[in-house]
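Student: I would like a close look at a single part of this model, the largest pocket, together with the residues around it. Could you take me through it carefully?

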Amino acid sequence: MNWYPCFKAAWRMRRSFDQVLLARVRQLTQGYADTPQSGEWKRHQVYARLLKEYPTIKPRTLALAIEIALCS
């Protein structure tokens, strides 16, 4: 399934990410899993929280961490 352009890259890079960051992303995504909103809304909420909690990490890295958490 290559439906997302960075899916394969995210899957290959999953071991290079900080495990604390990935654990936090998984925690946030599970928190929004049962909300009746769209997937894009849920992804945006997690992304916004990560931007506030980790201001020194590049936004692109945070977005990729979300994809890795969802793929693994």
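**The largest pocket and its surroundings**

Tutor: Arg43 is a useful place to begin: leaving out residues up to four places away in sequence, Arg43 touches Ile66, Glu67 and Leu70. Please keep in mind throughout that this is a predicted model. Arg43 sits in helix α3, and its C-alpha is 7.7 Å in space from that of Thr29, although the two residues are 14 apart in sequence. With a relative accessible area of 25%, Arg43 is partly exposed, because the buried class requires a value under 20% and the exposed class one over 50%.

Arg43 and Thr29 both belong to the lining of the largest pocket, and so do Ile66 and Leu70, two of the residues that Arg43 touches. The rest of that lining is made up of Arg26, Gln30, Tyr32, Ala33, Gly39, Lys42, Val46 and Ala69. The elements that each supply two or more of the lining residues are α2 (19–31), α3 (39–53) and α4 (59–71), and α3 contributes the most, with four residues. Sorted by class, the lining holds six nonpolar, three polar and three charged residues, and the pocket offers about 170 Å³ of space.

Val46, which is also a lining residue, leads from the pocket to the nonpolar core. Apart from its neighbours within four places in sequence, Val46 is in contact with Leu28, Thr29, Tyr32 and Ile66. Val46 and Ile66 are among the residues with the most contacts inside the largest nonpolar core, a group that also includes Leu21, Val25, Leu50 and Ala65, and the core as a whole has 13 residues. Two or more residues of this core come from each of α2, α3 and α4, with the largest share, six residues, coming from α4. In soluble globular proteins, nonpolar side chains tend to be buried together.

Helix α4 therefore deserves a closer description of its own: its 13 residues reach 19 Å from the first C-alpha to the last, close to the 18 Å expected at 1.5 Å a residue. Buried within α4 are Leu62, Leu64, Ala65, Ile66, Glu67, Ile68 and Ala69, and of these Ile66 and Glu67 are touched by Arg43.

As for the setting, the protein chain has four helices and zero strands, and 26% of its 72 residues count as buried. Among contacts between residues at least 6 apart in sequence, 59% join residues at least 24 apart.

Note on methods. Residues are numbered from 1 along each chain as its sequence is written. This is a predicted model: local features need pLDDT of at least 70, side-chain atom pairs count only at pLDDT 80 or more; totals for chains, interfaces and linings use all residues. Side-chain values use heavy atoms; hydrogens and water are left out. On a 1 Å grid over the protein atoms alone, a cavity is a set of points where a 1.4 Å probe fits but cannot get out, and a pocket is an open set with protein on both sides within 12 Å along at least five of seven lines; lining residues have an atom within 4 Å of a point. Grid points are joined across faces, edges and corners, and a volume is the space filled by probe spheres set on the points. Ala, Val, Leu, Ile, Met, Phe, Trp, Tyr, Cys and Pro count as nonpolar, Asp, Glu, Lys and Arg as charged, and the others, Gly among them, as polar. A nonpolar core is a set of buried Ala, Val, Leu, Ile, Met, Phe, Trp, Tyr and Cys residues joined through side-chain atoms within 4.5 Å. Buried means under 20% relative accessible area, exposed over 50%, partly exposed in between (1.4 Å probe, protein chains only). Contact means heavy atoms within 4.5 Å.
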